[in-house]
Structure formats: C-alpha cells, structure tokens
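Have a look at the sequence and the structure below. Then we can walk through them together, a piece at a time.

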Amino acid sequence: ADKRLRLLAEKQIAPLDHPKQAQQITAPPPSGDIAKLLGEARDSLSHGDAQGALQKYEAVLAKQPDNLVALYFAGNLSLQLKQVKQGLTHLARAATIAPNDPRVWLVLGRAYEQYATPEDAIRVYRHILQSAPKSPQANEADKRLRLLSGKQMATLGHPKQAQKILENLS
C-alpha cells in the first residue's frame, strides 16, 4: 500500500502539486494556513500516510472549498481509500474549477471509467479532446475513448465494428 501511495504521488498527483503549477492553477495563491496544511499533507503522503494526508486536504477544503490542489489530492486519496463517492465528488468539483486543465479531466475520466459508467468517462475524454487537443493528455484520452467505444460496440453485439476500433489502438 505504501508503494502504491508513493507511485500515486509521483505519477498522478505530483504534477499538480508542483508549487509553480499550483500557483498557476489556484487563485489566489495559498495563504499561510493553507500553505502550511498543504505542506503537511504532502509530508503525510510522502510517508505513506494516506489517511493523514486526506485529513489535511479536507482541512484545506473546509477553509477554501475551491482549492484545486486540495480537491485533486483529496479526490485521488479518497479513491485510494475506497471512499468512491467522496473521491468522485472532489474530482468532479476540481474539473468544474479547472475546465481547461486536461490533467484534472484525465484523472476524472479514469476515475469514472473505474468507478462509474463508461458514458461518464466517454463524456470526459471527449471534453479533453475538445478543450486541449494538443495536450499529452489528449493522446491518452483518445486511446481511452476508442477502447471504451470498442468495448461498447462489442457489448451491443457489433463484434466487427468493435474489432476495427480496437485494432487501431496500437
């Protein structure tokens, strides 16, 4: 579990947690109390304490409900801790606050794909392709969208169309 949390921190969360990126995304920049709580949350996460980190991010959200970094982290951590409804709620709110940030939307799409419906994930992936077509996340969104579309075709009894879609994934 600790290894998974560190990987989550490095691969999914760290890009948004970088101080310069966080300042670009959040307005206004975190105040003293908020910055302190965010730092404590990062420390908890780096030591494998997901629950402690989540509590710190929730404390940030109690003071600043639209803090994008806290919403993003709280969403990811809630999902890791099997608090699916809370995780999806935080990530959906983060996407609402950052409608043009494909990083946030890609994580939301992956969460919907795993915990909600394929239609929700497809809607999110299409949003990424429309709002940030040249981003690295658009490539991933395109692949995920085609994979889900192929699966849906197979489920609907259209194996030839499904095979055609899935063959073009590589």
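What follows is a short tour, from the overall fold down to single side chains.

## The big picture

Keep in mind that this is a predicted model. The protein is built from ten helices and zero strands, so its pattern along the sequence is simply α-α-α-α-α-α-α-α-α-α. Of its 170 residues, 42% count as buried. Take the contacts between residues at least 6 apart in sequence, and 48% of them join residues at least 24 apart. On the outside, the protein exposes about 9400 Å², with carbon and sulfur atoms supplying 53% of that area.

How far can you trust it? The average pLDDT is 83, and 82% of the residues score at least 70. Residues 1–27 are the stretch to treat with care, as the pLDDT there is below 50. Even so, this stretch has 46 contacts in the model beyond near neighbours in sequence.

## Helix H9 and its cover

Helix H9 runs over residues 136–155, which makes 20 residues. At 1.5 Å a residue it should span 28 Å, and its end C-alpha atoms sit 29 Å apart, which agrees. Just after H9, Gly157 takes a positive phi of about 85°.

Which residues of H9 are buried? They are Gln137, Ala138, Ala141, Arg144, Leu145, Leu147, Leu148, Ser149 and Gly150. Their cover includes helix H7 (102–115), helix H8 (118–131) and helix H10 (159–167).

Arg144 deserves a second look. This residue forms a salt bridge with Glu113, and the closest N and O atoms are 2.1 Å apart. Arg144 lies in helix H9 and Glu113 in helix H7, so the pair ties together parts that are 31 residues apart in sequence. With the cut-off for buried at under 20%, Arg144 makes the list because its relative accessibility is 17%.

## Salt bridges around helix H3

A search of the whole structure turns up eight salt bridges. One of them pairs Lys63 with Asp33, whose closest N and O atoms are 3.7 Å apart. Lys63 belongs to helix H4 and Asp33 to helix H3 (residues 32–46), so this pair ties together parts that are 30 residues apart in sequence. Lys63 is exposed, with a relative accessible area of 51%, while Asp33 counts as partly exposed at 48%. The line between those two classes is drawn at 50%.

Another salt bridge stays within H3: Glu40 pairs with Lys36, with 3.5 Å between the closest N and O atoms. The two residues are four apart, about one turn of the helix. Glu40 is partly exposed at 24% relative accessible area, and Lys36 is exposed at 55%. As for Arg144 and Glu113, they form a salt bridge as well. Salt bridges that share partners also join Lys36, Glu40 and Lys56 into one network.

## Asn67, between H4 and H5

Where does Asn67 sit? Asn67 is found in the loop between helix H4 (50–63) and helix H5 (68–80). Is Asn67 buried or exposed? Its relative accessibility is 4%, so it counts as buried.

The side chain of Asn67 has backbone partners too. A polar atom of this side chain lies 3.2 Å from the backbone nitrogen of Val69. For the backbone nitrogen of Ala70, the distance to a polar atom of the Asn67 side chain is 2.9 Å.

Key. Residues are numbered from 1 along each chain as its sequence is written. This is a predicted model: local features need pLDDT of at least 70, side-chain atom pairs count only at pLDDT 80 or more; totals for chains, interfaces and linings use all residues. Side-chain values use heavy atoms; hydrogens and water are left out. The expected span of a helix is 1.5 Å times one less than its number of residues. Buried means under 20% relative accessible area, exposed over 50%, partly exposed in between (1.4 Å probe, protein chains only). Contact means heavy atoms within 4.5 Å. pLDDT is the predictor's confidence in each residue, from 0 to 100. A polar contact is a pair of N or O atoms within 3.5 Å; within protein, one must be able to donate a hydrogen and the other to accept it, and residues adjacent in sequence count only if both atoms are side-chain atoms. A salt bridge is a side-chain nitrogen of Lys or Arg within 4 Å of a carboxyl oxygen of Asp or Glu. Accessible areas come from the Shrake-Rupley method with a 1.4 Å probe; for residues, only the protein chains shown count as cover.
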